[in-house]
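With the model open in your viewer, please follow the stops below in order, making each selection before reading what is found there.

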Amino acid sequence: MTNIDELEHVKCLIIGSGPAGYTAAIYAARADLKPVVYTGIVPGGQLTQTTEVDNFPGYPQGVTGPVLMEDLKAQAERFGTEVRFGYATKVAFSQDKGTHKVQIDGSKWILAETVIIATGATAKWLGLPSEEKYNGFGVSACAVCDGFFFKGQDVAIVGAGDTAAEEATYLAKLCRKVYMLVRRDEFRASKAMVHRVMNTANIEVLYNTETQEIVGNEQGVNGVRVINNRTKEEKVLDVTGFFVAIGHKPNTELFQGILEMDETGYLITKADSTATNIPGIFACGDVQDHVYRQAITAAGTGCMAALEAERYLAAKESGE
Ligand SMILES: Cc1cc2nc3c(=O)[nH]c(=O)nc-3n(C[C@H](O)[C@H](O)[C@H](O)COP(=O)(O)OP(=O)(O)OC[C@H]3O[C@@H](n4cnc5c(N)ncnc54)[C@H](O)[C@@H]3O)c2cc1C
């Protein structure tokens, strides 16, 4: 077994390489914390799975997700961030302002004075082959990100919870018609949200309706084949956009039973802060945000996490 004195010791370990992780790295590196980022299996995070990003400030002509993430990585590296490919597999956090331990790839342990968790969240999908085929070509899991591309067009959205209802009403402002596909004969959303959906003229709710296949051609989606699970009636809705809003899963298995989280698994941070329930452990980005889930908000909380890590270390060094 490795002697603890032989383990690598870092001031700031960042788990995750999406907009939150890289922004935390930019700030931590400029504060001389010499951050080490572990990328996980998706270097660059969720945005590497999309084409156009039109709403990240600073890119007046838009930018593709992979280019944006390469830019953020280069900016973090410019100030001395070490970016490593690796996956955090276990953690042993100190409860009393001591040094934390993080295991990488099931073998190597690293000691860290502060840990910034930026492991993001994963959108849930229906699991249809056609959904995967047209992902990014008419299929999306983010109405706020991609709704604009379907301005004036007809779209469908799947889901029955508050997020689906919220996203349907968002789309209804941009699109000509929104079909809302609800699997059961009722919503799961709150009464207020259902009321909002019902009072939006261009949303048509189809209950007991399941998606069988998303249809399209080389230009992208041009329809969705649905079935009524009661009557077994099938039909094709003429839509060019298909939005999936059946929830997200935060990437927090690693922290279960260790960090405070809500019933879905989102990490709970203190009010107006990225601090978790353990001193020296901070969480930023989608892993702690089920409300906004945008690259810019992830980056914003990444900045907060680095500033808080720096202040935590300064207070610790001065014996506070
Ligand atoms: C298809 C699509 C299109 C989108 N379009 C837009 C858009 O146009 N505009 C916008 O603002 N937002 C968009 N979003 C949302 C945006 O991508 C997210 O809000 C943002 O990426 C969240 O950033 P994050 O850093 O919190 O996490 P993520 O981007 O999810 O990154 C998480 C990182 O953590 C790593 N990780 C996970 N577990 C571990 C582990 N155990 N060890 C080490 N690393 C780990 C992953 O490898 C990944 O690098 C889109 C999302 C999707 C899926």
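Begin by selecting residues 154–158 and residues 177–181, which are strand E11 and strand E12 of this predicted model; the two strands run parallel and are joined by 5 bridges. To see one of these pairings, pick Asp 154, whose bridge partner in E12 is Lys 177.

Now widen the selection to the sheet that holds this pair, an open sheet of 5 strands with parallel pairing, in the order E10-E17-E11-E12-E13. At its edges stand strand E10 (139–140) and strand E13 (203–206), and because each has a single partner strand, one side of each is left without a neighbour in the sheet.

Next, select the ligand together with its surroundings, a shell of 32 residues in which Thr 39, Val 42, Gln 46, Asp 286 and Ala 295 are the closest. Colouring this shell by residue class will give 16 nonpolar, 14 polar and 2 charged residues.

Which backbone atoms should be labelled around the ligand? A polar backbone atom of Ile 41 is 3.5 Å from an oxygen atom of the ligand, a backbone N or O atom of Ala 88 lies 2.9 Å from a ligand nitrogen atom, and a backbone N or O atom of Arg 293 lies 3.1 Å from an oxygen atom of the ligand. Of the 1,000 Å² of accessible area that the ligand has on its own, the protein covers 95%. If you then display secondary structure, the elements that give two or more residues to the shell are helix H1 (19–30) and helix H7 (295–317).

For a broader selection, take residues 11–302, where an unreviewed UniProt entry places the feature "domain: FAD/NAD(P)-binding". This span is 22% helix and 29% strand, and its end C-alpha atoms lie 16 Å apart.

Finally, turn to the charged side chains, among which 13 salt bridges are counted. Select Lys 108 and Glu 8 as one of these pairs, with the closest N and O atoms 3.2 Å apart. Lys 108 lies in strand E8 (residues 108–117) and Glu 8 in strand E1 (residues 8–15), so this salt bridge ties together parts that are 100 residues apart in sequence.

Key
Residues numbered from 1 in each chain as written. Predicted model: local features only at pLDDT ≥ 70, side-chain atom pairs only at ≥ 80, totals over all residues. Heavy atoms only, no water. Near = heavy atom within 4 Å. Polar contact = N/O pair within 3.5 Å; in protein donor to acceptor, adjacent residues only side chain to side chain. Areas by Shrake-Rupley, 256 points an atom, 1.4 Å probe, with all protein chains shown as cover. Helix = DSSP H or I, 4+ residues; strand = E, 2+ residues; numbered from the N terminus. Nonpolar A, V, L, I, M, F, W, Y, C, P; charged D, E, K, R; others polar. Pairing = 2+ DSSP bridges. UniProt positions renumbered as here; feature names shortened; annotations may be inferred. Salt bridge = Lys/Arg side-chain N within 4 Å of Asp/Glu carboxyl O.
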